[in-house]
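Student: Could you take me through one part of this model up close? I'd like to hear about a strand pairing, and then how the rest of what you can see fits around the ligand.

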Amino acid sequence: MATATLDKKVSVPRPKIRRTECFIDGKWVAAQSGKTFSTVCPATEEKIADVAEGDAADIDLAVKAARKAFERGPWKTMSARQRGKLMYRLADLLEENLDELAALESLDNGKPVADARAADVPLTIQCLRYYAGFADKIHGSTIPIDGNFFCFTKKHPVGVVGQIIPWNFPMLMAAWKWGPALAAGCTVVMKPAEQTPLTCLRMAELAQEAGIPDGVLNVVPGFGPTAGGAIVAHRDVDKVAFTGEHLTAQIIMRNAAETLKRLTFELGGKSPNVIFDDADLDAAVKGAHFGLYFNQGQCCCAGSRVFVHESIHDEFVSRVASMNQSRVVGNPLDLSTEQGPQVDQAQFDKIMGLIESGIKSGAECVTGGKRVGDRGYFIEPTLFANVDDNMEIAQREIFGPVMSVLKFRDMDELIERANNTIFGLAAAVWTRDIGKAHKFAAEVKAGTVWVNCYDVFDAAAPFGGFKMSGQGRELGEDGLRPYLETKTVTIAMD
Ligand code: ADP
């Protein structure tokens with residue numbers, strides 16, 4: 001691990017904090033309770049700003065605004081094409097403010113600003129444009145049923161949707177949720193994660209500037225059990241889309257039972273990334289490194305169980321170790337930084353506890369394992385070799401810069417081990433043998449399979465999990481479906 005030499009550092013300016021209130025019915029308002037909470041810079045542990053702490057009362061106002069905008073007002077009567085136009089305008093405004101948004105994301109979340117510029121903000125824009133283009137292409141079908149009837153289906157927006165998002169990709173998660181909801185004609189009450197509310201609020205400000213009518217997008221910052229819980233319990237919310245931990249999804253599912261809300265979940269993972277001995281080793285090492293350490297390891301699809309063929313195991317480990325040794329860890333607002341801090345103290349503590357567990361269980365800690373500095377939630381890029389399938393570090397989602405390398409011998413053994421997890425979000429395989437790639441892609445239980453690549457995301461390609469990694473899909477046409485109801489109309493013709 002390295003730190004950038006001072007003269008090489010180029011920091012981007014600290015962004016201005018513009019909005020910290022709730023955004024309800026097109027207005028910026030304090031929480032009804034008057035309460036606020038601090039959002040903290042993970043690199044310095046200093047408060048960035050006090051943000052309105054919404055709870056059930058604010059959610060209720062937001063739901064009423066969203067209902068009014070859904071049932072009456074310009075959103076209901078606007079043509080689908082015009083809805084799409086407003087979404088394109090929002091995407092354009094995000095693009096015009098790309099540097100500021102990237103800096104704000106970096107400040108609030110701790111991710112390297114270079115990553116936010118190259119990935120978070122461009123993918124956010126891509127997602128909104130993708131769904132903007134979908135708005136006027138949503139339609140039903142005509143169905144030849146028995147008898148003299150004319151039968152057709154229409155697609156209706158599902159209604160008022162509650163959207164609860166995590167802190168690892170705050171802007172992008174907002175776009176994954178707003179995109180299909182707005183294209184479908186729904187209205188939204190969003191709760192950003194308490195760790196990272198700032199970019200979502202800024203996006204809401206830009207949405208208003210883009211002309212999205214009042215009440216269509218409402219943002220209520222606050223905590224999970226209070227503000228989030230109120231969305232889930234609210235009788236007038238038709239659907240909840242949630243991204244976060246599977247344990248939280250279990251609570252949400254229980255709490256949504258009363259109102260039988262539609263639910264979609266995008267949850268965690270323990271994704272297998274498999275490297276065969278016939279792979280292009282250079283590409284596999286770089287891809288596996290990126291697939292785990294990108295975003296400080298805080299990706300639901302992180303390739304956190306790296307299965308390496310026994311004949312190339314040692315070579316692989318030594319190459320990843322040397323990449324870790326030269327990785328630039330430090331101030332996320334420096335353009336040269338490759339790894340920033342973890343998002344908060346709780347995540348930091350959880351990761352350090354799991355590193356401790358790895359060491360105690362006998363895995364070999366090849367690099368890292370320790371805190372960096374004494375301020376901010378920085379953790380060294382950590383690499384464990386000789387990991388066994390049953391160790392805690394091979395089973396639990398770590399959500400940090402910790403790679404576990406496991407040896408394997410042949411395909412049959414591998415598939416069984418790759419699937420030996422409660423999760424099924426993503427998987428990858430590195431091989432020059434197309435037959436092996438197909439077999440793995442067919443047999444692995446995962447919503448996304450990458451072959452000779454990792455973390456290739458596109459708004460057009462569906463993403464989501466098998467097993468306890470989720471329900472439903474986001475992105476692509478699949479991602480639009482949960483925001484639509486099908487209405488079947490049958491007309492007697494005689
Ligand atoms: P993490 O542990 O990574 O923060 P969570 O699943 O706890 O993941 O959080 C993801 C989102 O879910 C956040 O916006 C959080 O506030 C929200 N959340 C947490 N608990 C609940 C809950 N009981 N009901 C609704 N939302 C919740």
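Tutor: Strands β3 (residues 36–41) and β4 (residues 46–52) run antiparallel and are joined by six bridges. Keep in mind that this is a predicted model. To pin down the register, start from Phe37: its bridge partner in β4 is Val51. β3 and β4 form a hairpin with four residues between the strands, and Glu45 there takes a positive phi near 65°. If you want the general picture behind this, strands of a sheet pair through backbone hydrogen bonds, either parallel or antiparallel.

There's another antiparallel arrangement to look at: an open sheet of three strands, in the order β5-β6-β20. Its edge strands are β5 (142–143) and β20 (484–492), each of which pairs on one side only. β5 is joined to β6 (residues 149–157) by two bridges, and these strands run antiparallel too. For a handle on that pairing, look at Thr142, whose bridge partner in β6 is Phe152.

Now for the ligand. It has 19 residues around it, and the closest are Ile165, Lys191, Glu194, Glu245 and Thr248. Sorted by class, that shell holds nine nonpolar, seven polar and three charged residues. As for where the shell comes from, α8 (224–233), β10 (239–243) and α9 (246–256) each supply at least two of its residues. The element that gives the most is α8, with four residues.

You'll probably want the polar distances as well. Glu194 puts a polar side-chain atom 2.6 Å from an oxygen atom of the ligand. For Thr248, the distance from a polar side-chain atom to a ligand oxygen is 2.7 Å. Trp167 also has a polar side-chain atom by a ligand oxygen, at 3.0 Å. On its own, the ligand has 550 Å² of accessible area, and the protein covers 86% of that. The space the ligand takes is the largest pocket.

So you have two bits of strand pairing to trace by eye, with Phe37 and Val51 as one marker and Thr142 and Phe152 as another. For the ligand, try displaying Trp167, Glu194 and Thr248 together with α8, which gives four residues to the shell.

Notes
Residues numbered from 1 in each chain as written. Predicted model: local features only at pLDDT ≥ 70, side-chain atom pairs only at ≥ 80, totals over all residues. Heavy atoms only, no water. Near = heavy atom within 4 Å. Polar contact = N/O pair within 3.5 Å; in protein donor to acceptor, adjacent residues only side chain to side chain. Areas by Shrake-Rupley, 256 points an atom, 1.4 Å probe, with all protein chains shown as cover. 1 Å grid on protein atoms, 1.4 Å probe; cavity = no way out; pocket = protein on both sides within 12 Å on 5 of 7 lines; lining within 4 Å. Sits in = over half its atoms within 2 Å of the grid points. Nonpolar A, V, L, I, M, F, W, Y, C, P; charged D, E, K, R; others polar. Pairing = 2+ DSSP bridges.
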